[in-house]
Amino acid sequence: MADIRVQSADFDVAAEVAALQAGGDAGAREPGPHDIGAIVTFIGVCRNDGGRLAALELEHYPGMAEEEIARVAAEAERRWPLKGLCVIHRYGLIRPGENIVLVVTASDHRQAAFEAASFLMDYLKTRAPFWKKEYLADGTSGGWVAPRQEDDEATTRWE
């Protein structure tokens, strides 16, 4: 079962990977990482957009965001033989260099872990109910970030 969290606090990537790896396959004979052969992590980080951006403010609908992320995670678990899955998405004021999202997938082999992570990020970018407002380095508001056509197009490869 996927570990889904929406939180304002930052996350510790190494701790999240270790926790997922420790879970492994409950049917394994030895304690530890068990049958996990591949772990893929994706970390989305707030960029400064060439010095233009001072911060992003991410808003969401509590409950709705978690439900949609869980739905997409369940689809990933149906499509690929995953041994573990963790998705953490932050909200609130996030400055350049700070983490926004973490996706960790674990499987027997790398291909499933890579594909599942890519699938999850494509759908998180287009379907998870988060809204981003830009705050510019000059002290003004850049307004709400519009959806990008290339993000929508990226999801078509999974249909």
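How many residues does helix 3 have, and how far does helix 3 reach from its first C-alpha to its last? In this predicted model, helix 3 contains 18 residues and spans 25 Å between its first and last C-alpha atoms. That reach is close to the 26 Å expected at 1.5 Å a residue. Helix 3 is a good place to begin a tour of the structure, and several of its residues return below.

A useful next step is to ask which residues of helix 3 are buried. They are Ala112, Ala113, Ala116, Ala117, Phe119, Leu120, Met121, Asp122, Tyr123 and Leu124. These buried residues pack against strand 2 (38-45), strand 4 (82-90) and strand 6 (99-107), and also against helix 2 (64-79) and helix 4 (149-155).

Among these partners, helix 2 deserves a closer look. The axes of helix 2 and helix 3 come within 10 Å and cross at roughly 155°. Angles over 145 degrees count as roughly antiparallel, and the two helices are therefore roughly antiparallel to each other. The crossing of helix 2 past helix 3 is right-handed. Where the two helices meet, helix 2 contributes Glu68, Ile69, Arg71, Val72, Ala73, Glu75, Ala76 and Arg79. On the side of helix 3, the residues involved are Phe119, Leu120, Tyr123, Leu124 and Arg127.

Two of those helix 3 residues also take part in ring pairing. A search of the whole structure finds five aromatic pairs. One of them joins phenylalanine 119 and tyrosine 123, whose ring centres are 4.8 Å apart and whose planes make an angle of 45°, a tilted arrangement. Both residues belong to helix 3 (residues 110-127), where four residues, about one turn of the helix, separate them. Are phenylalanine 119 and tyrosine 123 buried or exposed? Phenylalanine 119 has a relative accessible area of 2%, so it is buried. Tyrosine 123 also counts as buried, because its relative accessibility is 6%. Ring pairs extend the picture further, linking Trp80, Phe119, Tyr123 and Trp158 into a cluster.

Aspartate 122 is another residue of helix 3. With a relative accessibility of 13%, aspartate 122 counts as buried. What does aspartate 122 touch, apart from residues up to four places away in sequence? The contacts are Ala154, Thr155, Arg157 and Trp158. Trp158 has already appeared as a member of the ring cluster.

Strand 2, one of the elements against which the buried residues of helix 3 pack, includes alanine 38. Alanine 38 counts as buried at 9% relative accessibility. Its C-alpha lies 8.8 Å from that of phenylalanine 114, although the two residues are 76 places apart in sequence. Beyond its neighbours within four places in sequence, alanine 38 is in contact with Thr105, Ala106, Ser107, Asp108, His109, Arg110 and Ala113.

The tour can now turn to residues outside helix 3. Alanine 2 sits in the segment before strand 1 (3-7). Its relative accessible area is 19%, and alanine 2 is buried because the cut-off for this class is under 20%. Leaving out residues up to four places away in sequence, alanine 2 touches Ala73, Glu77 and Leu85. Between alanine 2 and tyrosine 123, 121 residues apart along the chain, the C-alpha separation is 16 Å.

Phenylalanine 130 is found in strand 7 (residues 130-136). At 13% relative accessibility, phenylalanine 130 counts as buried. Its C-alpha is 7.3 Å from that of alanine 65, with their positions 65 residues apart along the chain. Alanine 65 is also one of the residues that phenylalanine 130 touches, together with Val6, Glu59, His60, Ile69, His89 and Arg90, when residues up to four places away in sequence are not counted.

Finally, two loop residues are worth a visit. Aspartate 49 is located in the loop between strand 2 and strand 3 (53-60). Most residues other than glycine have a negative phi. Aspartate 49, which is not a glycine, has a positive phi of about 55°. With a relative accessible area of 36%, aspartate 49 is partly exposed. Arginine 148 lies in the loop between strand 8 (141-144) and helix 4. Arginine 148 is likewise partly exposed, at 38% relative accessible area. The C-alpha atoms of arginine 148 and alanine 117 are 20 Å apart, for a distance of 31 residues along the chain.

Terms used: Residues numbered from 1 in each chain as written. Predicted model: local features only at pLDDT ≥ 70, side-chain atom pairs only at ≥ 80, totals over all residues. Heavy atoms only, no water. Phe/Tyr/Trp six-rings, centres within 6.5 Å; stacked < 30°, edge-to-face > 60°. Buried < 20%, exposed > 50% of the residue type's maximum accessible area, 1.4 Å probe, protein only. Expected span 1.5 Å × (residues − 1). Contact = heavy atoms within 4.5 Å. Axes fitted to C-alpha atoms, helices over the stretch in contact; angles between N-to-C directions. Parallel < 35°, antiparallel > 145°, perpendicular 65-115°, else oblique. Left-handed = near helix turned anticlockwise from the far one by under 90°.
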